[in-house]
Amino acid sequence: MGRDVPALAFTRDDRRQFRNKMHTCLDVFARMLRESRFDFERPQVGLEIELNLVDAAAEPAMRSTDALEAIADPSWSSELGRFNLEINIAPRRLTAGGPDSWEREIRDALNHAEGKAAPIGAHLVMVGILPTLQMKDVGLASLSENPRYHLLNEQIFSARGEDLLISVDGVERLRTYADTITPEAACTSTQFHLQVSPDEFAPYWNAAQAVAGVQVALAANSPFLFGKELWRETRIPLFEQATDTRSDEIKVQGVRPRVWFGERWITTVFDLFEENVRYFPALLPLCEDEDPRETLDRGDIPALAELTLHNGTIYRWNRPVYAVVDGVPHLRVENRVLPAGPTVADVLSNGAFYYGLTRALVEEDRPVWSRMSFSVAEENLHAAARHGIDAQLYWPGMGEVPATELVLRRLLPLAHRGLERAGMDAAWREPLLGIIEQRCVSGRNGAVWQAEMFHHLYDTAHADRHEALRRMTQQYIDYMHMNAPAHTWPVE
């Protein structure tokens, strides 16, 4: 949500003032776009990784506060659940520092945090949904101590007026109710940031939307939830349901969900912020003292605090980000579709594929979003979440094809081209995109390994169901620390 918020109750006047302030922010933002006040000469990329905390038996550990105190690093922060943490890797130029520098930086940060947290009985796991998580682990007691999450929980349930239904039909069927938003904490993701100019924002956002399904198919890593085998990337439907402010009656009226793919290709970043203000009531109507018009008029850069806070409560799979760093504003596309893990090597190969592919698509003479309907891009996302690397996806000029064939024949060469145009030489590109290629050739990713390992333990070794998930998770953690890409992991 972008910042901490106090614990308080909101009045009708708060909501009216907040709405008015958002409209003011929107007007100021439009003026800033017209006057080209943004930093984009040396664009950077960024990375956030959400992680789970487990004990020595690979069960959820509700130790986030203690772990943060032990790690004592401002790069780390709390997340929704007491069994979650998040690391924000410092932004950088995509090709800075040589082929191994970004991976080394991430691994050093994770290993340092693991070393600090382990003595208090908390261990870090990069996985889309922790396989050992049970429904009893996601009650109010497991909600983070940070007041912003308690306030968000209150506002979502106040808007809904009833408990949350979580219903997923996959390999097995899950249907349960929740009286807090804490099931959302089961969803741990990798978020890639890409700084772009105002003029390039719309093409890059459209490209990111177009490839979201492909990304999920390749990187699916969340096949289990509350002991059930569901979708290959169960994180997608769970996140959509766990923060839904709409009752059934409101849904059938066509009211848009707060976890939202969107409904159209855009022509400017303004489209997205305008949709936020037009379609979504405020969950956290907190006004700041700054008058953004006065700030801009005197030559300074406004924070647009109300607009950005509201944007943080609308969970687009590709979210626009406005931020001010050292007095200079910039824009970013925040790519949010991917799960965490399984390894740093996998994460960086996913990033290389995303950054290279979107650049190549943006530079095409006839953009893919001019040849594919927006609804098909959304259908691709859900097909990929359900079936993972075995999904059939639509692509212009190819029709509906296996995701692996689409990547090998069409998209992987484009990713190579995009990275080359970004200044990344073959010695760097080949190992990263080689992992993507071998995933496609082998048909294996984190979700496939988890399912196969679980069935090996449950069906063949006849372990108890939860015990099979626990032992699978322990083996997963061992392989994660080895940093061998998940498509190479054995099942034994």
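Two strands pair if DSSP finds at least two bridges between them. The exercises below apply this and a few other cut-offs to a predicted model.

**Exercise 1. Establish how β5 and β6 are arranged, and sort the residues of β6 by face.**

Step 1. Strand β5 covers residues 164-169, and six bridges join this strand to β6. The pairing criterion asks for at least two bridges, so β5 and β6 count as paired. The two strands run antiparallel.

Step 2. Three residues lie between β5 and β6, and the two strands form a hairpin. Across the pair, V168 of the model stands opposite L174 in β6.

Step 3. In a regular strand, side chains alternate between the two faces of the sheet. In β6 (residues 173-178), L174, T176 and A178 make up the covered face. R173, R175 and Y177 make up the uncovered face.

**Exercise 2. Compare the span of helix α15 with the expected value, then describe its surroundings and its ends.**

Step 1. Helix α15 runs over residues 446-460, which is 15 residues. From first C-alpha to last it reaches 20 Å, close to the 21 Å expected at 1.5 Å a residue.

Step 2. The buried residues of α15 include W449, M453, F454 and L457. Among the elements that cover the buried residues are β8 (224-225), β9 (228-229) and α16 (465-482).

Step 3. At the start of the helix, a side-chain oxygen of N445 comes to within 3.2 Å of the backbone nitrogen of A447. After α15 comes H462, with a positive phi near 60°.

**Exercise 3. Classify the ring pairs F454 with Y458 and Y476 with W489.**

Step 1. A search of the whole structure gives 22 aromatic pairs. For F454 and Y458, the ring centres are 5.2 Å apart and the planes stand at 15°. Planes under 30 degrees apart count as stacked, so this pair is stacked.

Step 2. F454 and Y458 are four residues apart in helix α15, and are therefore separated by about one helical turn. F454 has a relative accessible area of 1% and is buried, whereas Y458, at 30%, is partly exposed.

Step 3. The rings of Y476 and W489 have centres 5.2 Å apart and planes at 85°, so this pair is edge-to-face. Y476 lies in helix α16 and W489 in the segment after α16, so the pair ties together parts 13 residues apart in sequence. Both Y476 and W489 are buried.

Step 4. Ring pairs also link F29, F38, F270, F273 and Y322 into a cluster.

**Exercise 4. Find which arginine sits over the ring of Y458 and which lies over the face of Y279.**

Step 1. The charged end of R465 sits over the Y458 ring, 5.4 Å from its centre. Y458 is also the stacking partner of F454.

Step 2. R256 lies over the face of Y279, at 3.6 Å from the ring centre.

**Exercise 5. Decide whether H416 is buried or exposed, and list its contacts.**

Step 1. H416 is found in helix α13, residues 403-421. Its relative accessibility is 18%. Buried means under 20%, so H416 counts as buried.

Step 2. Leaving aside neighbours within four places in sequence, H416 is in contact with R429, E430 and L433.

Step 3. With R429, the side chain of H416 makes a side-chain to side-chain polar contact at 3.4 Å.

Terms used: Residues are numbered from 1 along each chain as its sequence is written. This is a predicted model: local features need pLDDT of at least 70, side-chain atom pairs count only at pLDDT 80 or more; totals for chains, interfaces and linings use all residues. Side-chain values use heavy atoms; hydrogens and water are left out. Buried means under 20% relative accessible area, exposed over 50%, partly exposed in between (1.4 Å probe, protein chains only). The expected span of a helix is 1.5 Å times one less than its number of residues. Contact means heavy atoms within 4.5 Å. A polar contact is a pair of N or O atoms within 3.5 Å; within protein, one must be able to donate a hydrogen and the other to accept it, and residues adjacent in sequence count only if both atoms are side-chain atoms. Rings of Phe, Tyr and Trp (its six-membered ring) pair if their centres lie within 6.5 Å; planes under 30 degrees apart count as stacked, over 60 as edge-to-face and the rest as tilted. A charge sits over a ring if NZ of Lys or CZ of Arg is within 6 Å of the ring centre and within 35 degrees of the ring normal.
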